[in-house]
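Good morning, and thank you for coming. Please look at the sequence and the structure as they appear, and keep them in view while I speak.

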Amino acid sequence: MAQVTVTIDGKAYRMACEEGQEEHLTDLANRFDRYVLHLKSQFGEIGDLRLTVMAGIMIMDEVSEPTRRVSVLEGELENLRSNRDTVLAASTRADETLATVIDEVTTRIQGITEKLLVRSSAEPN
């Protein structure tokens with residue numbers, strides 16, 4: 001585990017993270033710090049815990065819309081997959097029907113050809 005020191009509202013916090021995630025954790029902490037500082041500039045010194053809770057709620061509010069949109073898109077994707085499967089099944093059935101019809105037409109043409117050959121060989125030249 002890697003160790004990173006991040007600063008939120010001027011206070012240093014030592015945190016553990018997986019190797020290679022140090023920069024990501026630092027970036028997240030910096031973004032969170034911006035929320036806290038924004039709230040502090042609006043409301044003044046209202047207490048660390050209250051600032052942290054308010055910043056967390058603001059972040060959750062921002063995350064809720066993309067989360068809702070992802071859920072809607074996942075539903076649409078499932079519908080598209082279902083429709084694709086239905087269309088593929090219908091296409092396969094249509095291909096099978098077409099192949100059957102082509103076989104029947106081929107058989108009829110062969111029958112007509114044989115009849116014509118018999119007639120033409122029976123006719124005097």
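Let me begin with a question: does Asp9 count as buried or exposed? With a relative accessibility of 12%, Asp9 counts as buried, because the cut-off for that class is under 20%. I should state at once that this is a predicted model, and that the values I quote are computed from it.

Before I return to Asp9, allow me to describe the overall architecture. The protein has 2 helices and 2 strands. Read from the N terminus, these elements follow the order β-β-α-α. The overall form is far from that of a compact globule: for 125 residues, such a globule would have a radius of gyration near 14 Å, but this protein has 36 Å. The C-alpha atoms occupy a box of roughly 115 × 30 × 20 Å along the principal axes. Of the 125 residues, 11% are buried. The accessible surface comes to about 10200 Å², and carbon and sulfur atoms account for 58% of that area. As for contacts between residues with a separation of 6 or more, 24% of them join residues 24 or more positions apart.

Two residues of helix H2 help to give a sense of scale. Ala89 lies in helix H2, and Met60 lies in helix H2 as well. They are 29 residues apart in sequence, and their C-alpha atoms are 43 Å apart in space. Met60 is exposed, with a relative accessible area of 54%, whereas Ala89 is partly exposed, at 32%. A second pair may be set beside this one: Met60 and Gly20 are 40 residues apart in sequence, and their C-alpha atoms are 26 Å apart.

I turn now to the two strands. Strand S1 pairs with strand S2, which covers residues 11-17, in the antiparallel sense over 7 bridges. One example is Val4, whose bridge partner in S2 is Met15. Together S1 and S2 form a hairpin with 2 residues between them. Asp9 sits in that turn and has a positive phi of about 55°. At the start of the chain, Ala2 has contacts beyond its neighbours within four places in sequence: its partners are Met15, Ala16, Cys17, Glu18, Glu19 and Glu22.

Ala2 also leads us to the interior. Which residues make up the largest nonpolar core? There are 12 of them in all: Ala2, Val4, Val6, Ile8, Cys17, Leu25, Ala29, Tyr35, Val36, Leu39, Leu51 and Ala55. The elements that contribute two or more residues to this core are strand S1 (2-8), helix H1 (22-43) and helix H2 (48-122). H1 gives the most, with 5 residues. As general background, nonpolar side chains in soluble globular proteins tend to be buried together.

Finally, let us consider the charged side chains, and with them Asp9 once more. How many salt bridges does a search of the whole structure find? The search finds 7. Asp9 forms a salt bridge with Lys40, with the closest N and O atoms 2.8 Å apart. Asp9 belongs to the loop between S1 and S2 and Lys40 to helix H1, so this pair ties together parts that are 31 residues apart in sequence. Asp9 also forms a salt bridge with Lys11, where the closest N and O atoms are 3.6 Å apart.

What of the accessibility of these partners? Lys11 counts as partly exposed, at 33% relative accessibility, and Lys40 likewise counts as partly exposed, at 22%. Lys40 has a further salt bridge, to Glu45, with the closest N and O atoms 2.9 Å apart. Glu45 counts as exposed, at 63% relative accessibility.

Which residues are linked with Asp9 in a network of salt bridges? They are Lys11, Lys40, Glu45 and Asp48. We thus end at the residue with which we began: Asp9, in the turn of the hairpin, buried at 12% relative accessibility, and linked into this network. Thank you for your attention.

Note on methods
Residues are numbered from 1 along each chain as its sequence is written. This is a predicted model: local features need pLDDT of at least 70, side-chain atom pairs count only at pLDDT 80 or more; totals for chains, interfaces and linings use all residues. Side-chain values use heavy atoms; hydrogens and water are left out. A nonpolar core is a set of buried Ala, Val, Leu, Ile, Met, Phe, Trp, Tyr and Cys residues joined through side-chain atoms within 4.5 Å. Buried means under 20% relative accessible area, exposed over 50%, partly exposed in between (1.4 Å probe, protein chains only). Helices (H or I, at least four residues) and strands (E, at least two) are DSSP runs, numbered from the N terminus. Contact means heavy atoms within 4.5 Å. Two strands pair if DSSP finds at least two bridges between them. A salt bridge is a side-chain nitrogen of Lys or Arg within 4 Å of a carboxyl oxygen of Asp or Glu. The radius of gyration is taken over C-alpha atoms; the globule rule is 2.2 Å times the number of residues to the power 0.38. Accessible areas come from the Shrake-Rupley method with a 1.4 Å probe; for residues, only the protein chains shown count as cover.
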